[in-house]
Structure formats: structure tokens, C-alpha cells
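Let's take a walk through this one together, starting with a pocket and working outwards. Have the viewer open as you read.

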Amino acid sequence: MPKSLLILILLAIQFGASTWALAQNQLDSFQVWRNETSIRYHRGFLFLHRQGLEHLSEDASNGVQVDFSWQTLGKEPWHQAYNYPDVGLSLIYLDFGNPRLGNGIGLYPFYRLNFLSNPKYQWNLQMGGGLGFITEKWTRDNNYKNVMVSSNWNVCIGIQTEFAWEVSERFQLKTGASFIHFSNGSTRIPNLGINIPTVSLGVEYAFQPINTGYKKSEPWNIPNNELVLTLSGFFKTVEALGEFYEAGTARIEYGTFTKNQKNRFHGSLDIMRNGGLRREFKDESPKGYELWQLGVFAGYSIVFGKGEILMGIGSYVYAAKSPEGLIYNRAGYRYRWNDKWMANIVLKTHFFKADYFEFGIARQLWKN
């Protein structure tokens, strides 16, 4: 088994295990709940996030998505804060609209947060990530024009917002917009990533009708403010068929939660080591400190119980080399195992171009 595939599978398992641990914790506390399945048709296009990719955009992208989910109706406070969201598993198939890119298949766990809900209609946001497979990858001999991705096995991330109208107590009609991303996190080069925005139409069937006998809410065990230390690392490549380089980050982060405990704002000082910068020095040997970068970062998180979807933007304040510019981004997932320890799976990027995965742990140093 290729090393990159093994690591990507471990990442997907880690994300899935964290999601399932939280889901199982909620299932154990349910008083009443329902399970449901939905199917959607997607139509979209290949998002060209930089110049020089126009030759890859030929036809529209078409796809099908099937979800199986459980609705939370239990005692956890975040259930009621998000109008009793769903947890589930999604399988998606997409035709990228170009034979050079082929087709993509994604399998991932998700959360579906309900921002607006009443007996007749709902508005929700569904977010998830897991394992992806792409049928056509870059090869030097036969598919050199496909600069989007050079590995069959990837990470697949799906974000979608949709409106649902209740047709009957068991059927709903759904329509929405999605953003689907396939990437290997620069574990293989080239890896510009495949990004597909879509609109969708679908139906959902509930195996049990909604029951409104909810348990009483309990207080959230979330601080007002906290100081967190995060250590993470992975590897990356910087050229096609090239060698692997180490990459990692240490972050000291201050976070503050909003009063409704559904949002978290955070800023951090980032110390990063990027072994791939060796390639920028050509025939010279870099000094040890020249492989380090210092940055400041500002972020925002959607919080739901022990889970957290985080995103944000940062800037290097020191970098001997910064081939992708001074701005960097993060998006990922954090799970709180207990009051002190957390697991992180984050993708560091320069806008839409992946830099490396930040896979690691975090510890809360202080709170009030």
C-alpha cells in the first residue's frame, strides 16, 4: 500500500472516529430520535482558482449524493441550540466534466446543523470530510495536462447549505448549493485540488416521523475564554515525483466563545517548520532558521458540543522564503476528548492551494 494512501486513510479514520464518537455519545442520550435517508442530484462546474487552467473546463459537472442520517432529539444542549441537528454518513459521486479529470467518489461522516426549523420548512448547513477517490490522476506520460491532482486516493470535503420543505410527515423536498473539494494535501504534486460548486435538488424519507418529546436541556460545559497550545505535523512534496519533506506547526491560541456558545473567535501566534522550503534555495544549503516561519492568525469556529469546525486567515511576519505569498489559510475539524485535550485535523492552504495537513493534538492551558 502506498505511504500516502495509508496516511490519508488514517486521517479519514481519525476524522470519522471523532465524528462517530460524538454521534454515538449523542445516540446513547436520545429520548426519541429518527433516522432518514436522502438522495440528491448535483449540477455544477469546475472552479478555476488560478489562471492557466482554462483547458480543463469543458462540460458541466453532474453527480449524485446519498445520505443516511440520524436526527438528534436528546438532552444535549447543542441539540436544541441548532434545532436538533443530524449526524450521518454521505456517499457522493461526481463527473468532473472532463475525461482528463475523470470522476470522483467521496465517503465521509457529516453534521447537519439546522439554523431555521419549523414543522413545514428548514434551512440547514451540512459539513463533513473523509476519504475520496479520483479515477484519473496526473501522469507524466499519459495525463500531463491534469495538474489538479496526482493521486487516486484523496481527502474529500463537502459543505452544503439547503432549504427543505415538508411534503408529508415522512417526505421532504430539498434544494441547495454545495462546494465539494478533493485534495491530497500536497502529499503528491501536482495538487491544485479539484473544487466543484454545485446546485442540488433532492428528496428525503424519514423511517420514523418527527417526535417532539424532547428531554430538558443541561448547562454547557464550555469556558468563556481559553488559552490553547496545539502541536501538529505531517509531510509534503513540492515537485512531481519528488521526495517527502517534513512540515509542522506549533500554535499558542487565545479563544473566546460567544454568549450562545455556538461560535468561537480565536487568534494565535504560529511557529511553522516547512522542510519543503529547501527547494527554494536551489544549490545552496539553507541555514536552520530559514526553514522556519512565524505567523499571526485570526479564526472563527462553529461549535457544536465537543465538535468544532474551524477556519481562518493568517499572515507570515517572518519567512526567509514564501513562494506562495504572505497570506495563508486554515480549515479543519477539532474534537474535544475532555476538558483539557483535543484532536485536530486541519488543512493549511494558500487560498485554494494546499500546503500541508496539520494533524495533531491540542491542550487547554488556561480557562475562565
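Keep in mind that this is a predicted model. Start with the walls of the largest pocket: α1 (3–28), β5 (121–134), β6 (153–166), β7 (171–183), β13 (307–319), β14 (327–336) and β15 (341–350) each chip in at least two residues of its lining. So how much space lies in there? About 760 Å³. The lining runs to 30 residues, and if you want to find the centre, look for I157, I159, A331, G332 and L347, which are the closest to it. As for chemistry, the lining of this pocket counts 21 nonpolar residues, eight polar ones and one charged.

Now zoom out. The protein's secondary structure adds up to two helices and 16 strands. Of its 368 residues, 51% are buried. Take the contacts with a separation of 6 or more, and 63% of them turn out to join residues 24 or more positions apart. On the outside, the protein exposes about 16,300 Å², and 61% of that comes from carbon and sulfur atoms.

One last stop is F359, which you'll find in strand β16 (residues 353–367). Is F359 buried, exposed or partly exposed? Its relative accessible area is 30%, and buried would need under 20% while exposed would need over 50%, so F359 counts as partly exposed. F359 also gives you a long-range pair to check: its C-alpha atom and that of G248 are 8.6 Å apart, although 111 residues separate the two along the chain.

Conventions: Residues numbered from 1 in each chain as written. Predicted model: local features only at pLDDT ≥ 70, side-chain atom pairs only at ≥ 80, totals over all residues. Heavy atoms only, no water. 1 Å grid on protein atoms, 1.4 Å probe; cavity = no way out; pocket = protein on both sides within 12 Å on 5 of 7 lines; lining within 4 Å. Points joined across faces, edges and corners; volume = space filled by probe spheres on them. Helix = DSSP H or I, 4+ residues; strand = E, 2+ residues; numbered from the N terminus. Nonpolar A, V, L, I, M, F, W, Y, C, P; charged D, E, K, R; others polar. Buried < 20%, exposed > 50% of the residue type's maximum accessible area, 1.4 Å probe, protein only. Contact = heavy atoms within 4.5 Å. Areas by Shrake-Rupley, 256 points an atom, 1.4 Å probe, with all protein chains shown as cover.
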